[in-house]
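Visitor: I should like to be guided through this structure by questions and answers. May we begin once it is displayed?

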Amino acid sequence: MPVIHCSMDMEHAENRPEMPPSSIDPLSRLSGVFAVHKPVGWTSADVVRKIRGVLCTEMRSRGAQVRARSIKLGHGGTLDRSAAGVLVLGLGKGTKQLHDLLNTTQKRYIAEGLLGKATDTYDTGGEITEEKPFDHVTEDTFRQTMDTFTGEQMQVAPIYSALKVGGERMSDRVRRGETVEPKPPRSVVVHSLELLSFHPPHFQLGVTCGAGFYVRSLVHDLGHAVDSSAHLISLCRVQQGLFTLEQALPPEKWTLPDIEAAVNT
């Protein structure tokens with residue numbers, strides 16, 4: 001199977017035509033759930049702020065009297081800054097559906113890992129904490145080890161994560177130099193795990209999982225399980241629930257007409 005790449009840039013996202021005025025208040029019909037394609041380098045909150053601002057500006061160009069803070073918009077599951085892919089958003093009454101999306105829907109990812117080195121963040125954004133040989137790791141060994149990571153699992157989340165301690169993100173505390181203990185292992189589910197390519201030190205996985213699962217932790221733990229080290233070098237969420245990457249609006253379509261069409265589909 002060919003290697004799948006999933007990266008986005010924002011160079012075309014700002015160049016949009018102005019929309020003609022309308023006597024109909026567009027905010028009144030903006031209610032539902034839709035998906036966008038989050039680019040690498042943006043947080044999920046960045047995307048929400050950007051789209052809220054775009055909607056506010058384009059509504060005003062139609063003559064609507066609206067403030068950005070009056071637009072109810074939220075996301076249904078954080079996607080790391082370094083990851084790309086499907087980010088589900090709720091707009092208006094659609095925000096009430098996000099809790100169910102976050103807790104009950106399956107997610108599918110394409111992840112690329114690198115054997116031989118571990119980092120403190122479990123991805124390329126951190127400092128190298130360990131280097132170990134990987135020459136002994138064969139494709140058969142790797143596949144057999146992967147099989148032990150499917151089904152119900154107990155997983156320790158990275159300390160560089162959005163999980164909170166004392167009402168504050170663990171990652172924020174760590175970056176301030178505070179000592180943060182990992183959270184206790186949590187029950188997670190891996191519905192399927194596929195080896196899409198294996199060219200040491202690089203490997204690519206297809207992961208279908210449930211809520212609360214950290215692909216970074218999976219890659220890190222796989223490295224140790226084959227008596228080596230590993231960290232995540234790229235991640236793309238290709239599906240969340242019924243929303244696929246093909247349905248997700250790319251940045252150049254973060255416009256009022258495209259979002260109206262998406263929530264009414």
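Visitor: Which residue just after α5 takes a positive phi?

Guide: The model before us is a predicted one. The residue in question lies in the loop between α5 and β12, and it has a positive phi of about 60° although it is not a glycine. Its relative accessible area of 48% makes it partly exposed. The residue just after α5 with this positive phi is D227.

Visitor: Is helix α5 itself largely enclosed or largely open?

Guide: Helix α5 covers residues 215-225. Its buried residues include V215, L218, V219 and L222. Because eight of the eleven residues of α5 are buried, the helix is, with respect to the rest of the structure, largely enclosed.

Visitor: Which residue forms a salt bridge with D80?

Guide: In general, side chains of opposite charge can pair when their charged atoms come close. For D80, the closest N and O atoms of the pair are 3.0 Å apart, which falls within the 4 Å required of a salt bridge. The partner of D80 in this salt bridge is R216.

Visitor: How many residues apart in sequence are the parts that R216 and D80 tie together?

Guide: R216 belongs to helix α5, whereas D80 sits in the loop between β2 and β3. R216 is buried, at a relative accessible area of 5%, while D80 is partly exposed, at 26%. Because the two residues lie in these separate places, the pair ties together parts whose separation in sequence is 136 residues.

Visitor: What separates D46 and R49 along helix α1?

Guide: The side chains of D46 and R49 meet in a salt bridge, with 2.6 Å from N to O. D46 is partly exposed, with a relative accessible area of 22%, and R49 counts as exposed at 51%. Because the two are three residues apart in helix α1, their separation is about one helical turn.

Visitor: Which residue meets R143 in a salt bridge?

Guide: The N to O distance in this salt bridge is 3.0 Å. Both partners lie in helix α3, four residues apart, and are therefore separated by about one helical turn. R143 is partly exposed at 36% relative accessible area, and its partner is partly exposed at 34%. That partner is E139.

Visitor: How many salt bridges does the structure hold?

Guide: Among them are the pair of D46 and R49, the pair of R216 and D80, and the pair of R143 and E139. The structure's count of salt bridges is six.

Visitor: Are α1 and α6 roughly parallel or roughly perpendicular to each other?

Guide: Two packed helices are described by the angle between their axes and the distance between the axes. For α1 and α6 the axes are 9 Å apart, and the angle is about 110°. Because angles of 65 to 115 degrees count as such, the two helices are roughly perpendicular.

Visitor: How many nonpolar residues does the contact of α1 with α6 have?

Guide: From α1, the residues I51, L55, E58 and M59 take part, and they meet L256, P257 and I259 in α6. By class, this contact has one charged residue and no polar ones, and its number of nonpolar residues is six.

Visitor: Which strand joins β4 by nine bridges?

Guide: Strand β4 is mostly covered, as eight of its nine residues are buried. Eight antiparallel bridges join β4 to β11, where R108 stands opposite T208. The nine bridges belong to another antiparallel pairing of β4, in which Y109 stands opposite R237. The strand in that pairing is β12.

Visitor: Is Y122 buried or exposed?

Guide: Y122 is found in the loop between β5 and β6. Its phi is near 70°, a positive value in a residue other than glycine. Since its relative accessibility is 16%, and residues under 20% fall in this class, Y122 counts as buried.

Visitor: Is the peptide bond from P200 to P201 cis or trans?

Guide: P201 is found in the loop between β10 and β11. The omega of the bond from P200 to P201 is near 10°, and the bond is cis.

Definitions and conventions. Residues are numbered from 1 along each chain as its sequence is written. This is a predicted model: local features need pLDDT of at least 70, side-chain atom pairs count only at pLDDT 80 or more; totals for chains, interfaces and linings use all residues. Side-chain values use heavy atoms; hydrogens and water are left out. Buried means under 20% relative accessible area, exposed over 50%, partly exposed in between (1.4 Å probe, protein chains only). Axes are lines fitted to C-alpha atoms, for helices over the stretch in contact, and angles run from 0 to 180 degrees between N-to-C directions. Angles under 35 degrees count as roughly parallel, over 145 as roughly antiparallel, 65 to 115 as roughly perpendicular and the rest as oblique. Contact means heavy atoms within 4.5 Å. Ala, Val, Leu, Ile, Met, Phe, Trp, Tyr, Cys and Pro count as nonpolar, Asp, Glu, Lys and Arg as charged, and the others, Gly among them, as polar. Two strands pair if DSSP finds at least two bridges between them.
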